[in-house]
Amino acid sequence: TVFPYGIPELSWTEIVALKASGFNLEDGTVQIPKWVESDPGLKPNEMDTLHIRYIFALLALGKDPSNAWETERNLFAELAAQQNADGAIGGVNKHMWAMHALETGSELGYDVGNWDNSAKNKALKYLLTQVKADGGFAFSGQTADSDMTGMALLALGHYQDDSAAVNAIERAKSVLLKKQLDTGGWDSFNQENSNSIATVISGLVAVGENPMSEKWKKGGRSPLDALESFQLENGAFTYTLGKYAATN
């Protein structure tokens with residue numbers, strides 16, 4: 001598939017997705033970003049989500065994010081050092097993904113710097129302060145958003161031995177059940193899209209839910225059925241259906 005907008009190389013999401021689906025990323029058939037092999041000049045205190053992107057891409061390629069590039073940088077430690085006194089690691093979106101990245105590194109046995117029990121507990125407590133009144137999570141505002149609630153489950157899935165986290169997981173799942181559309185999918189800003197559906201599916205799997213079970217079917221349609229409806233004839237997925245449907 002040729003991607004639009006002149007994208008010259010794979011992004012971190014494509015690297016992770018291709019690796020997860022069994023694609024060979026090392027035989028020269030795809031153009032690997034230069035930042036896979038060499039230090040891109042990433043600032044240790046970068047406020048964006050670049051540390052997280054590099055961590056997951058490097059892991060997917062079998063490389064060590066705790067000893068990255070020719071500069072031998074520990075990206076886990078640098079990310080952990082960005083935690084504030086209140087437990088937050090950037091905005092709520094970055095915070096969720098940072099927790100997911102650091103817990104992934106910890107579970108795989110990498111050196112994750114000062115991401116110890118104290119740091120983990122502070123991060124979890126901060127995340128739980130972000131639960132909205134309806135039980136879900138949002139990037140902004142006071143009403144749960146499907147995307148952010150799904151992302152929160154990615155982080156909370158690492159903490160299922162904590163009663164407060166388990167309670168938050170159950171509330172988030174209830175919200176997602178209520179927000180599920182008759183198509184079996186989910187929307188964001190009142191528009192069903194493949195990103196929201198895929199994000200929720202990822203979150204559900206992370207906390208041990210089976211999106212193919214009867215519990216998650218609407219009119220006999222599962223979330224996977226809803227997601228598959230966004231696949232185009234060329235194999236790519238479109239963000240939305242209708243007149244704006246296009247390879248994404």
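1. Let's start with S66, which in this predicted model sits in the loop between helix 2 (50–60) and helix 3 (75–80). Although it lies in a loop, S66 is buried, with a relative accessible area of 15%. Its side chain makes a polar contact with the side chain of D64, at 2.5 Å. Beyond its neighbours within four places in sequence, S66 is in contact with R73, N74, L75, F76, Y110 and D111. If you are looking at the loop on screen, those residues are a good set to display together with S66.

2. E72 belongs to the loop between helix 2 and helix 3 as well. Is E72 buried or exposed? At 59% relative accessibility, E72 counts as exposed. Its backbone deserves a look too: phi of E72 is near 55°, a positive value in a residue other than glycine. As background, most residues other than glycine have a negative phi.

3. F189 raises a similar point about the backbone. F189 is not a glycine, yet it has a positive phi of about 50°. The residue is placed in the loop between strand 1 (187–188) and strand 2 (191–192). With a relative accessibility of 79%, F189 counts as exposed.

4. Now to helix 6 (residues 146–156), where the burial is easy to state: 11 of its 11 residues are buried. Among them are S146 and D147 at one end of the list and A155 and L156 at the other. What covers these buried residues? The cover includes helix 4, helix 5, helix 7 (163–179), strand 1 and helix 8. At the start of helix 6, a side-chain oxygen of D145 reaches to within 3.1 Å of the backbone nitrogen of D147.

5. One partner of helix 6 is helix 8 (residues 194–206), and the two pack at an angle of about 25° with their axes 7 Å apart. Angles under 35 degrees count as roughly parallel, and helix 6 and helix 8 are therefore roughly parallel to each other. Helix 6 passes helix 8 in a left-handed crossing. On the helix 6 side the contact is made by S146, D147, G150, M151, L153 and L154, and on the helix 8 side by N195, S196, T199, V200, S202, G203, L204 and A206. Sorted by class, this contact has six nonpolar, seven polar and one charged residues.

6. Helix 4 is another partner of helix 6: the two pack at an angle of about 30°, with their axes 8 Å apart. Helix 4 and helix 6 are therefore roughly parallel to each other, and helix 4 passes helix 6 in a left-handed crossing. V92, N93, M96, W97, M99 and H100 of helix 4 make the contact with M148, M151, A152, L154 and A155 of helix 6. The residues here divide into nine nonpolar, two polar and no charged.

7. How do helix 4 and helix 5 cross? The axes of helix 4 (residues 92–107) and helix 5 (residues 117–129) come within 11 Å and cross at roughly 150°. That makes helix 4 roughly antiparallel to helix 5. The crossing of this pair is left-handed. From helix 4, H95, M96, M99, E103 and S106 meet K120, A123, L124, Y126 and L127 in helix 5. By class, the residues of this contact are six nonpolar, two polar and two charged. Notice that M96 and M99 of helix 4 appear here and also in the contact with helix 6.

8. G90 is in the loop between helix 3 and helix 4. At 23% relative accessibility, G90 counts as partly exposed. G90 and D48 are 42 residues apart in sequence, while their C-alpha atoms are 8.1 Å apart in space.

9. Last comes P223, found in helix 9 (residues 223–228). P223 is buried, with a relative accessible area of 0%. Which residues surround it in contact, leaving aside its neighbours within four places in sequence? P223 is in contact with Q180, G184, W186, I197, I201, P211 and W216. For orientation against point 2, P223 and E72 are 151 residues apart in sequence and 42 Å apart in space, C-alpha to C-alpha.

Technical notes:
Residues numbered from 1 in each chain as written. Predicted model: local features only at pLDDT ≥ 70, side-chain atom pairs only at ≥ 80, totals over all residues. Heavy atoms only, no water. Axes fitted to C-alpha atoms, helices over the stretch in contact; angles between N-to-C directions. Helix = DSSP H or I, 4+ residues; strand = E, 2+ residues; numbered from the N terminus. Parallel < 35°, antiparallel > 145°, perpendicular 65-115°, else oblique. Left-handed = near helix turned anticlockwise from the far one by under 90°. Contact = heavy atoms within 4.5 Å. Nonpolar A, V, L, I, M, F, W, Y, C, P; charged D, E, K, R; others polar. Buried < 20%, exposed > 50% of the residue type's maximum accessible area, 1.4 Å probe, protein only. Polar contact = N/O pair within 3.5 Å; in protein donor to acceptor, adjacent residues only side chain to side chain.
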